[in-house]
Amino acid sequence: QVQLVESGGGLVQSGGSLSLSCTASGSIFTIIAMGWYRQAPGKERELVATVDSGHATYYADSVKGRFTISRGDTKDTVSLQMNSLKPEDTAVYYCNAYAYLTVAGTGSDYWGQGTQVTVSA
């Protein structure tokens with residue numbers, strides 16, 4: 001299976017910056033895309049940003065211009081640089097990977113355990 005281990009997060013004041021990182025491991029044939037989702041209390045999990053194997057990126061409108069997603073050269077790591085943070089960015093952030101375990105298999109989504117990001121006003 002695939003394990004996703006996140007690091008980073010924490011508490012920061014409004015306007016500050018934080019960085020999240022995630023590393024995938026396991027018996028992986030290839031990772032098609034990696035990304036970050038977040039879930040605030042009482043809300044559904046939402047997409048924050050994704051990056052595919054060609055380094056093409058997608059951002060939610062709410063984070064465009066403030067967050068930057070990047071993928072490592074080995075394609076099994078993904079980072080999220082978060083600048084100009086707002087209180088509404090407070091949430092648990094989850095790393096996601098869409099991966100194939102074998103060349104003939106089907107792709108599946110895999111998730112990290114989540115890391116808390118809290119932005120104080």
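In this predicted model, a residue is called buried when its relative accessible area is under 20%, exposed when over 50%, and partly exposed in between. Keep those cut-offs at hand for the exercises below.

**Exercise 1. Sort Arg 38 and Asp 89: is each one buried or exposed?**

Step 1. Start with Arg 38, whose relative accessible area is 6%. That value is under 20%, so Arg 38 counts as buried.

Step 2. Turn to Asp 89, with a relative accessible area of 0%. Asp 89 is therefore buried.

Step 3. Put the two together: both Arg 38 and Asp 89 are buried.

**Exercise 2. Find out how Arg 38 and Asp 89 are joined, and which parts of the chain the pair ties together**.

Step 1. Look at the side chains: they meet in a salt bridge, with 2.9 Å from N to O.

Step 2. Locate each partner. Arg 38 lies in strand 4, while Asp 89 sits in the loop between strand 8 and strand 9, so the pair connects parts that are 51 residues apart in sequence.

**Exercise 3. Trace the network of salt bridges that includes Arg 38**.

Step 1. Follow Arg 38 to Glu 46: here the closest N and O atoms of the salt bridge are 2.7 Å apart. Glu 46 has 36% relative accessibility, so it counts as partly exposed.

Step 2. Now go to Asp 89, which also forms a salt bridge with Arg 66 (2.7 Å, N to O). Because Arg 66 lies in the loop between strand 6 (57-59) and strand 7, and Asp 89 in the loop between strand 8 and strand 9, this pair ties together parts 23 residues apart in sequence.

Step 3. Check Arg 66: its relative accessibility is 10%, so Arg 66 is buried.

Step 4. Collect the members: Arg 38, Glu 46, Arg 66 and Asp 89 are linked in the network. The whole structure holds four salt bridges.

**Exercise 4. Which side chain makes a polar contact of 2.9 Å with that of Arg 38, and what is its place in the nonpolar core?**

Step 1. Tyr 93 is one such partner: its side chain and that of Arg 38 are joined by a polar contact of 2.9 Å. The side chain of Asp 89 also makes a polar contact with Arg 38 (2.9 Å).

Step 2. Now look at the largest nonpolar core, which has 31 residues. Tyr 93 is among those touching the most other members, as are Leu 4, Met 34, Trp 36, Leu 80 and Met 82.

Step 3. See which strand gives the most to this core: strand 9, with five residues.

Note on methods. Residues are numbered from 1 along each chain as its sequence is written. This is a predicted model: local features need pLDDT of at least 70, side-chain atom pairs count only at pLDDT 80 or more; totals for chains, interfaces and linings use all residues. Side-chain values use heavy atoms; hydrogens and water are left out. A nonpolar core is a set of buried Ala, Val, Leu, Ile, Met, Phe, Trp, Tyr and Cys residues joined through side-chain atoms within 4.5 Å. Buried means under 20% relative accessible area, exposed over 50%, partly exposed in between (1.4 Å probe, protein chains only). Helices (H or I, at least four residues) and strands (E, at least two) are DSSP runs, numbered from the N terminus. A polar contact is a pair of N or O atoms within 3.5 Å; within protein, one must be able to donate a hydrogen and the other to accept it, and residues adjacent in sequence count only if both atoms are side-chain atoms.
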